[in-house]
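Dear colleague,

I am passing on the structure below, together with some notes on what turned up in it. Please keep it open beside you as you read.

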Amino acid sequence: MTITPSALLITPEADIVPVDLPNDSGDRLTVMYSVIRCRNVDVVALTDQLDMWLDDEGLYTQPVNPVATALARRFGRTYQSYHGPVLLTGGADDEGETVPLSKDKVLALLASLTDL
């Protein structure tokens with residue numbers, strides 16, 4: 001049985017790593033800090049069903065992430081490059097909690113990322 005990851009990490013070196021985020025929001029944030037390698041995260045809503053989490057200080061401390069930048073541009077975010085590892089998750093629910101990626105969204109993202 002294959003388990004669908006709840007998020008995908010994209011490194012500046014173009015590695016794509018599946019990540020399972022905890023259900024508890026505090027634990028989830030701790031894991032985000034760890035995999036993105038930062039102290040503060042920021043989120044860019046690419047669509048209402050796709051968020052890109054990144055290092056809030058990455059512009060000053062991290063290398064450009066060409067895949068994340070190309071992905072963001074695909075969704076109209078053309079005004080800047082994105083730096084450091086980024087974590088892709090589903091959007092937010094009605095209470096503002098991060099939603100995991102669905103299996104269909106993971107498959108679509110993996111196919112889309114190979115085209116970038």
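Strand 3 contributes three residues to the lining of the largest pocket, which is the largest share from any element, and strand 4 and helix 2 (58–61) also give two or more residues each. Please bear in mind that the model is a predicted one. The pocket holds about 170 Å³ of space, and among its 13 lining residues Asp-42, Leu-54, Asp-55, Asp-56 and Gln-80 lie nearest the centre. Sorted by class, the lining has six nonpolar, four polar and three charged residues.

As for the interior, the largest nonpolar core has 18 residues, of which Leu-46, Met-52, Tyr-82 and Leu-88 touch the most other members. The largest share of this core, four residues, is supplied by helix 3. Met-52 has contacts that include Leu-46, Ala-68, Ala-72, Tyr-82 and Leu-88, and it also touches Asp-42, which is one of the residues nearest the centre of the pocket. A second, separate core of ten residues includes Leu-9, Ile-36, Trp-53 and Leu-87.

Helix 3, which spans residues 66–74, has Val-67, Ala-68, Thr-69, Leu-71 and Ala-72 as its buried residues, and these pack against strand 1 (7–10), strand 3 (41–47), strand 4 (50–55), strand 5 (86–89) and helix 4 (103–114). At the start of helix 3, a side-chain oxygen of Asn-65 comes to within 3.3 Å of the backbone nitrogen of Val-67, while after the helix comes Gly-76, with a positive phi near 90 degrees.

With best wishes

Definitions and conventions
Residues are numbered from 1 along each chain as its sequence is written. This is a predicted model: local features need pLDDT of at least 70, side-chain atom pairs count only at pLDDT 80 or more; totals for chains, interfaces and linings use all residues. Side-chain values use heavy atoms; hydrogens and water are left out. Buried means under 20% relative accessible area, exposed over 50%, partly exposed in between (1.4 Å probe, protein chains only). Contact means heavy atoms within 4.5 Å. A polar contact is a pair of N or O atoms within 3.5 Å; within protein, one must be able to donate a hydrogen and the other to accept it, and residues adjacent in sequence count only if both atoms are side-chain atoms. On a 1 Å grid over the protein atoms alone, a cavity is a set of points where a 1.4 Å probe fits but cannot get out, and a pocket is an open set with protein on both sides within 12 Å along at least five of seven lines; lining residues have an atom within 4 Å of a point. Grid points are joined across faces, edges and corners, and a volume is the space filled by probe spheres set on the points. Ala, Val, Leu, Ile, Met, Phe, Trp, Tyr, Cys and Pro count as nonpolar, Asp, Glu, Lys and Arg as charged, and the others, Gly among them, as polar. A nonpolar core is a set of buried Ala, Val, Leu, Ile, Met, Phe, Trp, Tyr and Cys residues joined through side-chain atoms within 4.5 Å. Lists of a residue's contacts leave out its neighbours within four places in sequence.
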